[in-house]
Structures are given as C-alpha cells and as structure tokens.
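Hi,

Here is the structure I promised to pass on. Have a look at it first, and then read my notes below.

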Amino acid sequence: MKKIICKVEYDTEASELVSKRTSGEFGDPAGYEESLYKTAGGKYFLYTVGGPDSKYATESIKRMSAATAEGWLAQA
C-alpha cells in the first residue's frame, strides 16, 4: 500500500518491515494486523489492516515519530 502524508510517500513495498503484530486467526472478522515499517529516509509508519469487525476494518497507514515507534515496539 502507498499513501502520501504531508508530501512524504509511505510505501509498504519499498520500506523495511521492522515488526508485525497479529490478533486473531486468518479469516477472523475481528482479527487484525499492525506492521511497523521504516522508510529508506528513516521515517516510521504503521500499516494496519483487519476484518470487518476489527478496530482496523479499513486498510490504513499512519506516520509515527521515532519515539512513538520505539514505544510501540516496547509494548510487545
């Protein structure tokens, strides 16, 4: 997925996957995935996708600061 936020392109295909979390099983309508990525320029973003009953029913990309990304990683 690609998304431009504040004139910066965030692309899951062109960025490094740092970590991924899943909730539920494949096909679970309440299941979802959160994937933390880092761009070649050092910017972090969270890619989210899930089933229709999940908190991420719509595929999305959200930019993150390095500090927020570190906090997200620490929650594991």
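**What I found**

The chain has one helix and six strands (DSSP runs, numbered from the N terminus: H or I of at least four residues for helices, E of at least two for strands). Going along the sequence, the order is β-β-β-β-β-β-α.

Before you go on: this is a predicted model, where local features need pLDDT of at least 70 and side-chain atom pairs count only at pLDDT 80 or more, while totals for chains, interfaces and linings use all residues. Residues are numbered from 1 along each chain as its sequence is written, and side-chain values use heavy atoms, with hydrogens and water left out.

Now the overall shape. The C-alpha trace spans about 35 × 25 × 20 Å along its principal axes. Its radius of gyration is 12 Å, which agrees with the value near 11 Å for a compact globule of 76 residues (taken over C-alpha atoms; the rule is 2.2 Å times the number of residues to the power 0.38).

How much of the chain is buried? Of the 76 residues, 30% are (buried means under 20% relative accessible area, with a 1.4 Å probe and protein chains only).

One residue to click on is Ser35, which sits in strand β4 (residues 32–38). Ser35 counts as buried because its relative accessibility is 1%. Beyond its neighbours within four places in sequence, Ser35 is in contact with Leu17, Ser19, Lys20, Phe45, Leu46 and Tyr47 (contact means heavy atoms within 4.5 Å).

Cheers

Methods: Buried means under 20% relative accessible area, exposed over 50%, partly exposed in between (1.4 Å probe, protein chains only).
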